Amino acid sequence: MPISSYLGNRNRGGAVGWGPSFLPTTTTPTKSKLSRKSRRRAQLRDFLWAHYFTIGLFLSIFLFMAALFRFGPFSLPSPRFSRRHSTTRPRKPIPRKLPSASLNDVVSSSASVDITTKDLYDKIEFSDVDGGPWKQGWMVTYKGNEWDSEKLKIFVVPHSHNDPGWKFTVDEYYDRQSRHILDTIVESLSKDARRKFIWEEMSYLERWWRDSSDSKREAFTNLVKNGQLEIVGGGWVMNDEANSHYYAIIEQMTEGNMWLNETVGVIPRNAWAIDPFGYSPTMAYLLRRMGFENMLIQRTHYELKKELALHKNLEFVWRQSWDAMETTDIFVHMMPFYSYDVPHTCGPEPAICCQFDFARMRGFIYELCPWGQHPVETNQENVQERVGKLLDQYRKKSTLYRTNTLLIPLGDDFRYVSIDESEAQFRNYQMLFDFINSNPGLNAEIKFGTLDDYFRTLREEAERVNYSLPGEIGSGEIEGFPSLSGDFFTYADREQDYWSGYYVSRPFFKAVDRVLEHTVRASEMLMALLFGRCQRAQCEKLPISYAHKLTAARRNLALFQHHDGVTGTAKNHVVQDYGTRMHTSLQDLQIFMSKAVETLLGIRLEKNEQNPSQFEPQQVRSKYDAQPIHKGISIQEGSSRSVVIFNPLERTRNEVVMVIVDRTDVSVVDSNWTCVDSQISPEMHHDKGQFFTKRHRLHWKASIPAMGLQMYYIVHGAGQCERAKLAELKMLTNSDQLPCPAPYACSKVEGDMVEIQNRHRTLTFNANLGLLVKVSNMDGSLYNVGEEISMYNSEGSGAYLFKPVGDAQHLIQTGGQLVVTTGPLMQEVYSYPNTQYDEAPISHSTRLYNGENTIQEFLIEKEYHVEFVGERFNDKELIVRYNTDIDNRRIFFSDLNGFQMSRRETYDKIPVQGNYYPMPSIAFMQGLDGRRFSVHSRQSLGAASLKNGCLEIMLDRRLLNDDGRGLGQGVTDNRPMNVVFHILPESNISSVLDPTSKPLPLNPSLLSHIIGSHLNYPLHTFINKKSQELAPQPPTPLFFSPLTSSLPCDLHIVDFKVPRPSKYSFLEHPLEPRFVLLFQRLGWDSSYCRTARSQCTKLADESVNLFSMFKDLDVMHVKATSLNLLHEDTELLGYTELSGDVVQEGHVVIPPMEIQAYKLELQPHQ
């Protein structure tokens, strides 16, 4: 079809594109004027009527054979992808292997694919050969006849990448550039219907929408609806994919997508991620389950790009490694070159491509082309010569892909900021387009397009032309392309510059991010529980009055997921802006939660909802960059202070908890006024001269119902209860005097080794170094651990890059100070080590817990206090190593976004920095004997296994210099912080094959999953602001237990919330499902204990009934929905188990690894 005809057809729902339509045309027959029929015609009609089925069958076979002969084999499209504006109808997945829903060990139900990223790493030599003009590729050539049968169809896609914070804050960028860019887009596109544009970040669009006039809003909406302007991705930000947790990714995508749908009336279906520093299959999975069909990525290792390009595999179908049924398939376009700017997007020769970035012409604000040849205005005299150069680049680029549909991005960071700039690009390119389109001999057709235009046309071509290779597994999603599984870490853009530094940069704020995340989730739950119990306007006041602050908190969490936010790669004042936003939201949510727990316990009157709460959070922060401190509980004689604990998990939690008190002669009682055993020990902090703070840690074992509340009392003078048991202290110090705090009994450490133990294991430490040496389990198994704290010297490292010089050097010397605390509930070794510095940059505690039926008794708690502050630590990077005797052959497993695991192998052909990988929440090693050593973290860090049996984790980094990636500064704004690990040594109960020989990732054990959830979703503790005098009669028992029972151990509630609390009051929308439940079924390694050491009584093999999930609430109007809450066609999302009947009956069966979302309504049980 001529391009002019195509441009004139603006109905995106019709059969449009360059390919011929297979749809027949129909006309409405006119009524016959003959009133009678001849007998012969009547007989013929009767014959046809009697044999219509047989005749129709033969005609169908004939037409099918004719079409097969003319067009070759083709597949029938599936109706499940039929959507508004969609002309391409992808095929349904073809199950290759059907896993059982009860099969938790998803390794045994792995995906069949053509390419894995491990295979690519095994194959590539990483020799960085100079390819000429395309330095990281080769001299690309073509014959010239490649487009004789299928014209080259070129889409030039204008775009502007707007970082919500980097060198400037999000507000500064908006005022300086982004609002002008959006104004420019609306004005420029309105001038000419042939112009197109794409936009990604909703954080800027929402702000612009608030500031814009009604006429601008209407113009913007019209451009979106007529296909000139496409919203791609549509998240609040373009999120990082290494450090972000999957909960936060879902939140930021949902916040952006829902705002867009409510405001503009569109739902994105194509994702655009040109700037994250590496890519995770978790993102591909979440996008697929949000209804996205296609995605584009850019920043992958340059050697991987070259290898994929050599075999025309830059476009592929991304499949999850555990997906045997092809339900997670999503089509991916990978950009082939160094960057997403114009010099690196038109073709392989940047010196030529730069000449076609018309915003670099003299007179504009951008730098001229560094290759010396600059763009010039296109005119009738030079257009033929200009077209020759440009089309040559387009043709060369197209040879790297299978189809003759070509994508050419046209943009860069914060482009199209003025009308003059915009007109320069659109005007010059349109003249080039007109010349190409008016010369059929060029075998090319070109126009401005959107990402949707490109993917629809590519899919149409793939329907007509078979691009599949012999023996290729491919995908039922779209034929003609390979299937791929794996992730794209660690990213390198040139030479040996690996972007593994940002896994750890600004670790303080990476930790704050996760605190805000679990606080948002807990607040969402409490707000949903408040709404569920309310059918009157009076009780809706509290949640509705905080709805705007909850929305602000979601958006501040979402904003920090930006790929220069949680990554720690922004300017200092921008980091401060992110931190201040998160701190403000934390304060707001803690006030709300304090009031919510009062209301749910029935001790807050509805009419007093504006009054301050009588409770305050146990942990508070004085400012955005301060460590949280425990508020001390002051107990007067003959009085008590109540403590309320909220459990945000879906199972009853038995846990040793801790609060800080100002005296030791106290007791603990529960809500029934029953005595609870407790332990008291001195609080310690990082201070070489004075360890003890003169406050005390009070531990006891608490039991809190699933998603519920439990109250305890700290009491002085409860005669019937034994006081908290005093811990015993042993010390090793540099002086003869023991600084023993009263009223504790102290003694000296004797010998070179010290031990602490509980009923499961004994830990042995080197007393002179204060480091863990050995773990001896009571079952006889032994782990040599060899804890080591060291530092890398790094001259070339920066916010993005990790470039160490040599191996890390030991930091700890003999002669440190040690405090060993022993008691019935908690035992601890605290070490303030001796280093070459007057004040050590680190001190650390190792704890064991006693507590029957608690998860804590199985783990080792490590808490590192890090103060990497001051010039003495410039260009240093601090690590901890666990040098075990596990034979892991330098293979370990780390998580991707807290959602799934990835196998990591250390390659000698790659430098140290390339063998570092993201560790958002867990890393583990496993040996041939089945012993496993797992480290859980509550913040994202970087990890490696550079030697056999060694797991290395970076804690902090302080870097003086910029690493040449645009930030223009180092990272020297380090803050004191605590890093907490929960370590789990465990052995399998059934034999397995060599875990190091399997190419697929292993899963955590069930116990490991539970330990991780307890660490990342901690209990929330609130303290009564005032003491109460002891009364003759105990107070009324207070607790709140909303679930009928704990959920199965392998079923996790990702979120339970009211997405728009200020919009949907029950009184206004009594039948509208206001609530959302998101579940995840965990995939776990069944070769380890299947009952999580007796913590689990049931698994999610059988269905969970939503209708009977809550005690006092009726569940109604259940609907399955997408993860962004905008699609209810579950087949469209790739789900195979969900159906209307199952959902209406309330039964939920979720396969391992899947996340599913449900809309529902709750009402108090009548």
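**Close-up 1. Cys1089, a partly exposed cysteine of the predicted model.** With a relative accessible area of 22%, Cys1089 counts as partly exposed, since the buried class is reserved for values under 20%. In this predicted model, the side chain of Cys950, by contrast, belongs to a residue with 1% relative accessibility, which is why Cys950 is classed as buried. Cys1089 takes part in no disulfide, and the nearest cysteine sulfur, which belongs to Cys1096, lies 8.4 Å away.

**Close-up 2. The disulfide of Cys740 and Cys746.** Cys740 is joined to Cys746 by a disulfide with a sulfur-to-sulfur distance of 1.9 Å. The torsion about this S-S bond is about 75 degrees, so the link between Cys740 and Cys746 is right-handed. Cys740 is partly exposed, at a relative accessible area of 30%, and Cys746 is likewise partly exposed, at 24%.

**Close-up 3. Two disulfides with buried cysteines, Cys346 to Cys353 and Cys534 to Cys539.** The sulfur atoms of Cys346 and Cys353 are 2.0 Å apart and form a disulfide, and both of these cysteines are buried. Because the torsion about the S-S bond of Cys346 and Cys353 is about -85 degrees, this disulfide is left-handed. The disulfide of Cys534 and Cys539 has its sulfur atoms 1.8 Å apart, and here too both Cys534 and Cys539 are buried. About the S-S bond of Cys534 and Cys539 the angle is 95 degrees, and the link is right-handed. The structure holds six disulfides, and, with bonded cysteines counted along the chain, their pattern is 1-2, 3-4, 5-6, 7-8, 9-10, 11-12.

**Close-up 4. The open six-stranded sheet and helix α9.** The six strands of this open sheet follow the order β1-β11-β7-β8-β6-β5, with mixed pairing. Its edge strands are β1 (115-116) and β5 (270-273), each of which pairs on one side only. Within the sheet, strand β6 (residues 294-297) runs parallel to strand β8 (residues 330-334), the two being paired over four bridges, and Phe331 in β8 is the bridge partner of Asn294. Helix α9 (residues 281-289) packs on the sheet, where it touches β5, β6, β7 (315-318) and β8, and its direction makes about 130 degrees with that of β8.

**Close-up 5. Helix α8 and the glycine that follows.** Helix α8 (residues 246-263) comprises 18 residues and reaches 26 Å from its first C-alpha to its last, close to the 26 Å expected at 1.5 Å a residue. Of the 18 residues of α8, 15 are buried, so the helix is largely enclosed by the rest of the structure. Just after α8, Gly265 adopts a positive phi of about 85 degrees.

**Close-up 6. Ser203 in helix α6 and its surroundings.** Ser203 is located in helix α6, which covers residues 202-211, and with 8% relative accessibility Ser203 counts as buried. A polar atom of the Ser203 side chain lies 2.9 Å from the backbone oxygen of Trp236. When neighbours within four places in sequence are left aside, the residues in contact with Ser203 are Pro164, Trp236 and Val237, so that Trp236 appears both in this set of contacts, for which heavy atoms must lie within 4.5 Å, and as the residue whose backbone oxygen lies 2.9 Å from the Ser203 side chain.

Conventions: Residues numbered from 1 in each chain as written. Predicted model: local features only at pLDDT ≥ 70, side-chain atom pairs only at ≥ 80, totals over all residues. Heavy atoms only, no water. Buried < 20%, exposed > 50% of the residue type's maximum accessible area, 1.4 Å probe, protein only. Polar contact = N/O pair within 3.5 Å; in protein donor to acceptor, adjacent residues only side chain to side chain. Pairing = 2+ DSSP bridges. Axes fitted to C-alpha atoms, helices over the stretch in contact; angles between N-to-C directions. Expected span 1.5 Å × (residues − 1). Disulfide = S-S within 2.5 Å.
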